[in-house]
Amino acid sequence: MNQIISPETEEKIRTGAQQTLSSFYLNLSDFERYIISIEKTIKFLKSNTDSNSSIATVDSLIELKKVIEYNMFITILHLDLSVIVSVFVNGKTEYEKLFSLKQGVVVINEGYKKIYNFVKVEENRDFDYSERLKSFWYKNIKKSVTMFPNLIQDYEVITNELEDFYNKHFESVKNIRNLTVHYDKEPLKYYEMLKSLDTEQIFAKFTGFINVISKMYKFTKLLLTEFENYSLKIAEENNNFFKNYIKKIERISVKTQDPELKTQLQKTKEILKKLNEI
């Protein structure tokens, strides 16, 4: 193993990993509560109203949930890589360090696949983008970004960085990933792979990948802020819809004294109350 990290750099890496593990893990429970709350709201709106504003709210909440799930996913990736770095800098034996390096390559490979996926090259040299079109970054985040044009440029910048990261690092990742996940019928190949691990090169992959997902983390925070502002606007429209509807029924109810209208009026008031409690 090519070990060229200075004691000062190692201590800096150790401190950074510990800080990430301490702070980021707490975020997961917040994401969980947020997702559960959104699911309850969607279920309530679908069951109790079919107004245009409510339909718009449900559509918006579905996209919001995808963004939160994505933010949760890249947080998990950040935590996993921090654990791997922590094992490396605290490892007492060479094999502990080698194990952490190869596992880090697997996390990067599998994380990248979920985020952006790969483009296959067919036998005729044509490119197959079918898997990439199903990736989180392309299918979920891009769809949400189209709702907020002011974020499109930032999205494209990060997309270009994903492309650059793949071009720089993934040719050297394949063999390490495959032998780590599947091993081999010939143990010698596995051992030769371990001996060839280069600390500098692999930490360059760690750093590059963490930089990208850190930018994604900040970007999705901006996206969540946009959704929050949009949701407040839609919520106000929903409130106005129900308030106007209640006034209309109250006027008719006074004139007709129809018991069914009174029942409908009470039900609508209860819906509005529950809507504001969510």
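**View 1. The largest nonpolar core and its best-connected members.** In this predicted model, the largest nonpolar core has 62 residues, and Ile115, Trp137, Ile141, Phe209 and Met216 touch the most other members. Which elements give two or more residues to this core? They are helix H1 (7-48), helix H2 (52-90), helix H3 (94-115), helix H4 (136-145), helix H5 (152-169), helix H6 (173-182), helix H7 (187-196) and helix H8 (199-256). The largest share comes from H2, which supplies 15 residues.

**View 2. Zooming in on Ile115.** Ile115 is one of the residues that touch the most other core members, so let's look at who sits around Ile115, leaving aside its neighbours within four places in sequence. Its contacts include Tyr70, Phe73, Ile74 and Leu77. Ile115 is also in contact with Ser135, Phe136, Trp137 and Tyr138. Rounding out the list are Leu162, Phe209, Ile213 and Met216.

**View 3. How sure is the predictor?** Across the chain the mean pLDDT is 79, with 73% of the residues at 70 or more. Where is confidence lowest, and where is it highest? The low point is helix H9 (residues 259-277), with a mean of 54, while H5 has the highest confidence, at 92.

**View 4. A salt bridge within helix H2.** The model has eleven salt bridges, and here is one of them: the side chains of Glu69 and Lys65 meet with 3.9 Å from N to O. Because these two residues are four apart in helix H2, about one helical turn separates them. How exposed are the partners? Glu69 is partly exposed, at a relative accessible area of 36%, and Lys65 is partly exposed too, at 21%. The pair also has company: Glu39 joins Lys65 and Glu69 in a network of salt bridges.

**View 5. A salt bridge in helix H3.** Glu110 and Lys113 bring their side chains together in a salt bridge, at 3.5 Å from N to O. Both residues lie in helix H3, three places apart, which is about one turn of the helix. Glu110 counts as partly exposed, with 24% relative accessibility. Lys113 counts as partly exposed as well, with 26%.

**View 6. Glu131 meets Lys134.** Another salt bridge links the side chains of Glu131 and Lys134, with an N to O distance of 3.3 Å. Is each partner exposed or only partly exposed? Glu131 is partly exposed, with a relative accessible area of 25%, whereas Lys134 is exposed, at 52%.

**View 7. A buried lysine without a salt bridge.** Now turn to helix H8, the place of Lys205. Lys205 is buried, yet has no salt bridge. What is the nearest side chain of opposite charge, and how far away is it? That side chain belongs to Asp198, 8.9 Å away. Setting aside residues up to four places away in sequence, Lys205 touches Ile108, Phe165, His169, Ser172 and Val173.

**View 8. A positive phi at Asn117.** Most residues other than glycine have a negative phi. Asn117 has a positive one, near 60 degrees. Asn117 is placed in the loop between H3 and strand E1 (120-121). Is Asn117 buried or exposed? With a relative accessible area of 15%, Asn117 is buried, because that value is under 20%.

**View 9. An edge-to-face pair of rings.** There are 16 aromatic pairs in the model. In the pair of Phe73 and Phe136, the ring centres are 5.6 Å apart and the planes are at 80 degrees, so the pair is edge-to-face. Phe73 is in helix H2 and Phe136 in helix H4, so this pair ties together parts that are 63 residues apart in sequence. Phe136 is partly exposed, at a relative accessible area of 29%.

**View 10. A tilted pair of rings.** Here the rings of Phe118 and Tyr166 have centres 5.7 Å apart and planes at 40 degrees, so the pair is tilted. Phe118 lies in the loop between H3 and E1, and Tyr166 in helix H5, so the pair ties together parts 48 residues apart in sequence. Tyr166 counts as partly exposed, at 24% relative accessibility.

**View 11. A cluster of aromatic residues.** Which residues form one aromatic cluster? Meet the members: Tyr70, Phe73, Phe136, Trp137, Tyr155 and Phe219. Some names should look familiar from the Ile115 view, because Tyr70, Phe73, Phe136 and Trp137 are among the contacts of Ile115.

Terms used: Residues numbered from 1 in each chain as written. Heavy atoms only, no water. Core = buried A, V, L, I, M, F, W, Y, C linked by side-chain atoms within 4.5 Å. Buried < 20%, exposed > 50% of the residue type's maximum accessible area, 1.4 Å probe, protein only. Contact = heavy atoms within 4.5 Å. pLDDT = per-residue confidence, 0-100. Salt bridge = Lys/Arg side-chain N within 4 Å of Asp/Glu carboxyl O. Lys, Arg positive; Asp, Glu negative; His and termini not counted. Phe/Tyr/Trp six-rings, centres within 6.5 Å; stacked < 30°, edge-to-face > 60°.
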